[in-house]
Amino acid sequence: MAKYLLTSSFGNDSVALIQLALNKGLDFEVVYNDTGWARKDWPKRVALFSSWLMEKGITLHITKSIGMAELVKKKKGWPMPASKMQFCTQELKEKPTEELLNKIDPDCELIIVTGRRREESQNRADLPLWQHESPKHGGRDVWNPLINHDEKQRDELIKQTGFEVLPHSSMECYPCVCANKDDLAQLLETPDRIDEIERLEIEMGFTRNQKPRVMFRPYRVGNGVGIRQAVLWGAGARGYKSGFIPNEYKIAGEQCLMFEGISDIAYEINTREGREFARQCDGGFCGN
């Protein structure tokens, strides 16, 4: 059995991590979590790296889950960033990985290796090099060897693989519930995903307080209600506000109530818009 298990989304940090492990001559395997919510072209990237790893004799594990669409139906709501309600990471990544680890490493001998970097976000600024007996990983030790790498150092590792550096973060969750303004603007390139989210939002209806169950809270996206309004906010100029409520998101033609906010301290970062979501979930299973 291998000594290390690398968690990977096949984004830039994950690819750099794999190359670092190759450079160090580590005995390792790789795990990728299929969330069922990837951008439509992402499976091709997964297949590409699967072949690359196979050529090098490295085992790739791909976990499966209920998928984002079925998950939000089951939970009757969308995950809320950086809160106890961000259940997507737990259900789509943590639980499937735990099931895999129980199968391939019942004695907890593997060391888990992630591609997380301190530079990525405020919630990773204090990430340690080692996390001993991590409860999220079944009591296994976790090693984060890229914590002090900046983008230039990371990109140098990627170049050694022969693959190009992506101009964006990984797309295994698209869009992520932590999406910011730029991320939402990118959805214009994939209208099929906008249509899918809109169908889900309308199908899920309203809360007991008669609020529409939308993926992005209106007060975070210029007061617009529904995914199309969120995307317009993302693509809009600084300070763009909408406040428009499509008929599909009203009850009997009446305007719905706005969502109440939760603590700004929990997950907001100051940017040019003043308020944006954190850029990463923090499940502890991969880098972007």
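Biologist: Which residues touch the most other members of the largest nonpolar core?

Modeller: Leu6, Phe10 and Val30 do, in a core of 55 residues. Keep in mind that this is a predicted model. Helix α1, residues 12-23, gives the most to this core, with six residues.

Biologist: And what does Leu6 touch, leaving out residues up to four places away in sequence?

Modeller: Quite a list: Leu17, Ile18, Ala21, Phe28, Glu29, Val30, Val31 and Val113.

Biologist: What makes α1 and α2 roughly parallel to each other?

Modeller: Their axes cross at roughly 5°. Angles under 35 degrees count as roughly parallel, so α1 and α2 earn that label. The two axes come within 13 Å, with α2 covering residues 42-55.

Biologist: Which residues meet there?

Modeller: From α1 you have Val15, Ile18, Gln19 and Leu22, and they meet Arg45, Phe49, Trp52 and Leu53 of α2. By class, that contact has six nonpolar, one polar and one charged residues.

Biologist: Why is His61 called buried?

Modeller: His61 has a relative accessible area of 15%. Buried means under 20%, so His61 counts as buried. You'll find His61 in strand β3, residues 60-63.

Biologist: How do you know that the side chain of His61 makes a polar contact with the side chain of Glu29?

Modeller: The distance given for that pair is 2.7 Å, and the cut-off for a polar contact is within 3.5 Å. That's why the His61 and Glu29 side chains are listed as a polar contact. Glu29 is also among the residues His61 touches, including Leu5, Tyr32, Leu100 and Ile104.

Notes. Residues numbered from 1 in each chain as written. Predicted model: local features only at pLDDT ≥ 70, side-chain atom pairs only at ≥ 80, totals over all residues. Heavy atoms only, no water. Core = buried A, V, L, I, M, F, W, Y, C linked by side-chain atoms within 4.5 Å. Buried < 20%, exposed > 50% of the residue type's maximum accessible area, 1.4 Å probe, protein only. Helix = DSSP H or I, 4+ residues; strand = E, 2+ residues; numbered from the N terminus. Contact = heavy atoms within 4.5 Å. Axes fitted to C-alpha atoms, helices over the stretch in contact; angles between N-to-C directions. Parallel < 35°, antiparallel > 145°, perpendicular 65-115°, else oblique. Nonpolar A, V, L, I, M, F, W, Y, C, P; charged D, E, K, R; others polar. Polar contact = N/O pair within 3.5 Å; in protein donor to acceptor, adjacent residues only side chain to side chain.
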